[in-house]
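Me: Please choose one part of this model and look at it closely, together with whatever surrounds it. I would like one connected account, with each technical term explained where it comes up.

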Amino acid sequence: MEELRKEIIKFQTERDWKKFHTPENLAKSISIEAAELLEHFQWQKEYDINEVADELADVLNYCILMADALNLNIKEIVLNKMEKNAIKYPPKK
């Protein structure tokens with residue numbers, strides 16, 4: 001995961017895009033890309049897996065950039081949220 005994060009940040013840096021990647025703009029971009037992902041499932045059950053993968057990659061890229069912009073550790077925040085969800089939604093016994 002760290003190697004992927006570094007590649008994404010390198011791509012961003014090489015293009016001098018960090019100045020545009022404020023938390024607000026990144027949150028908007030995540031929402032926009034998530035909507036584009038959803039479009040592939042809007043009216044039919046069939047979808048092009050390659051197009052879906054591209055949209056999912058866009059969502060993930062923006063999420064990684066937002067975590068970086070906020071100085072958040074992705075693994076840490078995901079595991080923390082999973083702990084909260086485990087308490088809220090315990091497995092059935």
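Reply: A residue is called buried under 20% relative accessible area, exposed over 50%, and partly exposed in between (1.4 Å probe, protein chains only). The model is predicted, so local features need pLDDT of at least 70 and side-chain atom pairs 80 or more, while totals for chains, interfaces and linings use all residues. Residues are numbered from 1 along each chain, and side-chain values use heavy atoms, without hydrogens or water.

The part chosen here is helix α3, which covers residues 49–69 (helices are DSSP runs of H or I with at least four residues, strands runs of E with at least two, numbered from the N terminus). Because an expected span is 1.5 Å times one less than the number of residues, the 21 residues of α3 should reach 30 Å, and the 30 Å between its end C-alpha atoms agrees with that.

At the start of α3, a side-chain oxygen of Asp48 comes to within 2.8 Å of the backbone nitrogen of Asn50. That is a polar contact (N or O atoms within 3.5 Å, one able to donate a hydrogen and the other to accept it within protein; sequence neighbours count only through side-chain atoms on both sides). Just after α3, at the other end, Asn71 takes a positive phi of about 55°, a positive value in a residue other than glycine. Asn71 belongs to the loop between α3 and α4, and with a relative accessibility of 71% it counts as exposed.

Between these ends, Val52, Glu55, Val59, Ile64, Leu65, Met66, Ala67 and Asp68 of α3 are buried. The partners against which the buried residues of α3 pack are α1, α2 and α4, where contact means heavy atoms within 4.5 Å.

Take α2 to begin with. Helix α2 (residues 23–39) and α3 pack at an angle of about 165°, and their axes are 9 Å apart; axes are lines fitted to C-alpha atoms over the stretch in contact, with angles from 0 to 180 degrees between N-to-C directions. That angle makes α2 roughly antiparallel to α3 (under 35 degrees is roughly parallel, over 145 roughly antiparallel, 65 to 115 roughly perpendicular, the rest oblique). On the α2 side, the contact is made by Pro23, Leu26, Ala27, Ser29, Ile30, Glu33, Ala34, Glu36 and Leu37. On the α3 side, Val52, Glu55, Leu56, Asp58, Val59, Tyr62, Cys63, Leu65, Met66 and Ala69 take part.

With α1 the geometry is another matter: α1 and α3 pack at an angle of about 85°, with 10 Å between their axes, which makes α1 roughly perpendicular to α3. Here Leu4, Arg5, Ile8, Ile9 and Gln12 of α1 meet Asn61, Ile64, Leu65 and Asp68 of α3. Leu65 of α3 is thus named in the contact with α2, is named again in the contact with α1, and is among the buried residues of α3.

Helix α1 runs over residues 2–14 and holds Glu3, which is exposed at 65% relative accessible area. Phe11 also lies in α1 and, at 39%, is partly exposed; its C-alpha atom is 34 Å from that of Trp43, although 32 residues separate Phe11 and Trp43 in sequence. In the loop between α1 and α2, Asp16 has a positive phi of about 55° without being a glycine, and at 46% Asp16 is partly exposed. Lys19 sits in the loop between α1 and α2 as well and is exposed, at 55%; the side chain of Lys19 makes a polar contact of 2.9 Å with the side chain of Asp16.

Beyond the other end of α3 comes α4, residues 74–88, whose 15 residues reach 21 Å from first C-alpha to last, close to the 21 Å expected for that helix. The N-terminal end of α4 is capped by Asn73, with a side-chain oxygen 3.1 Å from the backbone nitrogen of Lys75. Ile77 is found in α4 and is partly exposed, at 34%. The C-alpha atom of Ile77 lies 29 Å from that of Ile49, and the two are 28 residues apart in sequence.
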